[in-house]
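This report describes the metal sites of one model. The sequence and structure come first, followed by the coordination details.

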Amino acid sequence: MTSITLHGAAGEIGGNKILLEDKDTKIFLDFGLSFGKWGNYFTPYLQPRKWSYINDFIKLGLLPDLEGLYRADYENRYRTSKPDPEYDGIILSHPHLDHAGHISFVRADIPVHCSMGGKAILEVLEETGTGFNEYTQLKEAFKLRPYTKDPTKMTRDNDSVTERKMNIFTNKTKINNLTVHSFPVDHSICGANSFVIETSAGNIVYTGDIRFHGRRSNYSHFFVEKATEFEPVLMISEGTRVSERNSFGELELERDLKSLMSDVKGLVIVNFPVRDTDRMRSFIEAAKTVGRKLVINMKQAYTLSVLERNGVSEVPRSDEVEIYIPKKGWGVLNNDDYPRNVQLRDYLKWEEEMLNKSNAVTAEEIRENPRDYVFRCDFFELKYLFDVQPPEGSIYIRSVTEPIDEEMEIEKEKADNWLNKFNLLPYKQIHCSGHASGAEIQDMIQKIAPKRVIPIHTEKPAEFRSFDAEIILKGLGEKYLLS
Ligand SMILES: [Zn+2]
Ligand SMILES: [Zn+2]
């Protein structure tokens with residue numbers, strides 16, 4: 001028996017948790033967080049209860065109610081965890097949180113199969129992120145150990161770590177009777193893959209998130225070509241932009257950036273997605289053309305160095321950018337009235353590594369030579385405008401998606417207040433999506449010609465019905481039997 005069950009991404013964008021069962025093998029295609037469902041219940045101030053994560057998330061429909069899947073320390077607060085895993089692995093298409101975010105709850109003895117870029121970004125999130133980020137290293141919760149000074153007493157043990165097995169894709173990954181063929185594709189984060197999975201009921205295609213108008217469109221076309229050869233019986237296809245006909249490409253975006261920046265007399269301030277290294281490339285190239293250099297934040301610089309360390313090519317090299325070092329905490333960095341060790345107290349260990357880089361820049365340097373820089377400044381960094389003091393003739397380029405919910409609207413309103421304060425309104429909006437248009441999805445389905453298609457990762461799955469294919473619409477938790 002072979003079946004597919006959508007435990008997420010059914011009629012919603014993201015939250016992919018797709019269960020593939022084939023004979024005795026059970027794997028998940030992604031195990032992501034549903035931003036929509038999360039936002040229905042939580043806010044930055046109403047956060048989940050750590051001790052009751054699994055219980056609360058299952059009751060709120062954020063996690064599927066399945067046994068033998070979750071880590072025992074949290075599951076034991078809800079029900080007695082099974083001694084052995086009942087699932088054989090997770091195939092991670094890419095490290096966006098709507099695909100990877102809930103891996104932290106999965107037991108360590110269930111391996112995650114992903115690309116090198118995917119693994120490196122998960123490690124960066126673990127080290128630099130806030131919230132519950134335990135993808136590769138699981139810190140056992142609710143554990144006791146003898147107190148060092150008095151071993152007859154017990155204290156909390158926060159140091160017990162279990163490493164998860166992270167398996168890097170080869171061309172063919174075997175999981176019991178399944179063979180998973182992975183193909184790098186174009187998306188808005190590095191390390192994205194689409195798949196063909198050989199099962200006993202025939203070949204299944206899973207697109208993950210895909211586009212054909214970025215810097216790596218040739219990858220996506222190659223995947224489509226190869227997937228066609230497998231004559232799949234089923235295709236699980238993303239449809240984020242199924243109702244849109246056109247795509248504005250990354251190279252067009254780079255061209256437009258160059259013209260936007262060409263006559264700027266002051267500082268060019270920009271915002272683009274923190275982990276989109278292809279967008280970073282567009283800004284690097286545009287900046288270079290107008291004789292400026294892109295300044296990124298410490299988190300981005302750290303991400304580049306981890307990717308570099310892991311041998312991930314095709315991302316900007318650290319020496320192509322400058323790193324902005326903000327004053328933090330006491331604000332005494334480089335202030336000789338304070339000893340160096342006091343200055344460094346305001347920085348985390350991974351940040352310290354950035355302070356001594358030869359391409360580190362401070363607000364003073366940007367203030368003195370605004371025409372030399374393109375300064376990346378996201379919503380959370382708007383306060384740095386006090387330090388860089390953009391002079392008259394500066395511009396702000398917004399290269400992120402338009403708000404899609406109330407919270408994003410509020411955030412944008414606040415951002416506008418800051419920009420107004422520094423005379424940066426009206427800003428310029430220029431963005432390119434990480435997802436294929438409806439026309440491109442239709443074309444992909446036509447070429448791959450699967451027997452059936454299950455639309456996922458879209459609020460409008462029924463729109464797939466206009467395509468030349470048999471469309472299967474499945475709701476959350478409904479099982480689709482292939483054989
Ligand atoms: Zn997604
Ligand atoms: Zn994505």
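What is the site of the zinc ion (ligand 1), judged by the angles among its 4 donor atoms? In this predicted model, those angles run from 85 to 162 degrees, and the site is irregular. The zinc ion (ligand 2) is also held by 4 donor atoms; their angles of 90 to 168 degrees make the arrangement irregular, because four donors count as tetrahedral if all angles lie between 85 and 135 degrees.

The protein donors of each ion are listed below.

| Ion | Protein donors | Distance from the ion |
|---|---|---|
| zinc ion (ligand 1) | D98 (OD), H99 (NE2), D209 (OD), H457 (NE2) | 2.1 to 2.2 Å |
| zinc ion (ligand 2) | H94 (NE2), H96 (ND1), H187 (NE2), D209 (OD) | 2.1 to 2.4 Å |

The two sites are linked: D209 coordinates both the zinc ion (ligand 1) and the zinc ion (ligand 2), which are 3.4 Å apart. H99 sits in helix α4 (residues 97-100), whereas D209 sits in the loop between β14 (202-206) and α6 (217-229), so this pair ties together parts that are 110 residues apart in sequence. H99 has 0% relative accessibility and counts as buried. D209, at 2% relative accessibility, counts as buried.

Along the chain, the donors of the zinc ion (ligand 1) follow the spacing D-H-x109-D-x247-H. For the zinc ion (ligand 2), the donor spacing is H-x1-H-x90-H-x21-D. Here H94 belongs to the loop between β4 (89-91) and α4, and H187 to the loop between β12 (178-184) and β13 (193-199), so the pair ties together parts that are 93 residues apart in sequence. Both H94 and H187 are buried.

Technical notes. Residues numbered from 1 in each chain as written. Chains lettered and ligands numbered in written order. Predicted model: local features only at pLDDT ≥ 70, side-chain atom pairs only at ≥ 80, totals over all residues. Heavy atoms only, no water. Donors = N, O, S within 2.8 Å, 3.2 Å for Na, K, Ca; no water. Tetrahedral: all angles 85-135°; square planar, octahedral: opposite > 155°, others 65-115°. Helix = DSSP H or I, 4+ residues; strand = E, 2+ residues; numbered from the N terminus. Buried < 20%, exposed > 50% of the residue type's maximum accessible area, 1.4 Å probe, protein only.
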